[in-house]
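Biologist: I would like to learn how the words used for a protein model are justified. Could we go through them one at a time?

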Amino acid sequence: MGKSIDLLQGTLDLLILKTLVLEPMHGWGIAQRIQQISKDVLQVQQGSLYPALYRLEQQGWIAAEWGASENNRRAKYYRLTASGRRQLERETSNWTRLSAAIAHVLKTA
C-alpha cells in the first residue's frame, strides 16, 4: 500500500457526486467507498468531507435525510439530486479534458 495523496480543490466534490450515483450513503460510507475504490490511495478526512457535503447540499446537488445506519445508529444519508447528476456530467467532462491536457504536457515537455 502506497502513501495517500491529498485531493485537489474541487476534486472531492466530484468524487462525492460520483460515489452517490450508486445509492444514498452516509458520510462515513462515502469516505470508505472512495478509499476502497481508489485502493487506499485517496483517504478523505472528516474535516474535508463534511464541509464538502454541506457545500454540495447548499448548491442543491445532493439532498440529505436522517436514517438508521447498518449498525442501527442514527446517520444522515445523502443522495444525488437531478441537478447533482447534471453537475456530475459537467465536472466529469471538465476533469477528463483537464487530465488529458496535463498528460499531454507531461509527455511533451
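**Reasoning from values to words**

Modeller: The protein chain has 4 helices and 3 strands, and from the N terminus on its elements run α-β-α-α-β-β-α. Please keep in mind that this is a predicted model.

Biologist: Why is α1 called oblique to α4?

Modeller: The axes of helix α1, residues 11-19, and helix α4, residues 82-108, come within 10 Å and cross at roughly 130 degrees. Angles over 145 count as roughly antiparallel and those from 65 to 115 as roughly perpendicular, and because the crossing of α1 and α4 falls in neither range, α1 is oblique to α4. The crossing in which α1 passes α4 is left-handed.

Biologist: Which residues of α1 and α4 meet?

Modeller: On the α1 side they are Thr11, Leu14, Leu17 and Lys18, and these meet Gly84, Gln87, Leu88, Glu91, Thr92 and Trp95 in α4. Sorted by class, this contact of α1 with α4 has 4 nonpolar, 4 polar and 2 charged residues.

Biologist: What makes the charged end of Arg74 count as sitting over the ring of Trp66?

Modeller: A charge has to be within 6 Å of the ring centre and within 35 degrees of the ring normal. The charged end of Arg74 is 4.2 Å from the centre of the Trp66 ring, and it is listed as sitting over that ring, so both conditions are met.

Biologist: How many aromatic pairs does the structure hold?

Modeller: The structure holds 0 aromatic pairs, where a pair would need ring centres within 6.5 Å.

Technical notes:
Residues numbered from 1 in each chain as written. Predicted model: local features only at pLDDT ≥ 70, side-chain atom pairs only at ≥ 80, totals over all residues. Heavy atoms only, no water. Axes fitted to C-alpha atoms, helices over the stretch in contact; angles between N-to-C directions. Helix = DSSP H or I, 4+ residues; strand = E, 2+ residues; numbered from the N terminus. Parallel < 35°, antiparallel > 145°, perpendicular 65-115°, else oblique. Left-handed = near helix turned anticlockwise from the far one by under 90°. Contact = heavy atoms within 4.5 Å. Nonpolar A, V, L, I, M, F, W, Y, C, P; charged D, E, K, R; others polar. Phe/Tyr/Trp six-rings, centres within 6.5 Å; stacked < 30°, edge-to-face > 60°.
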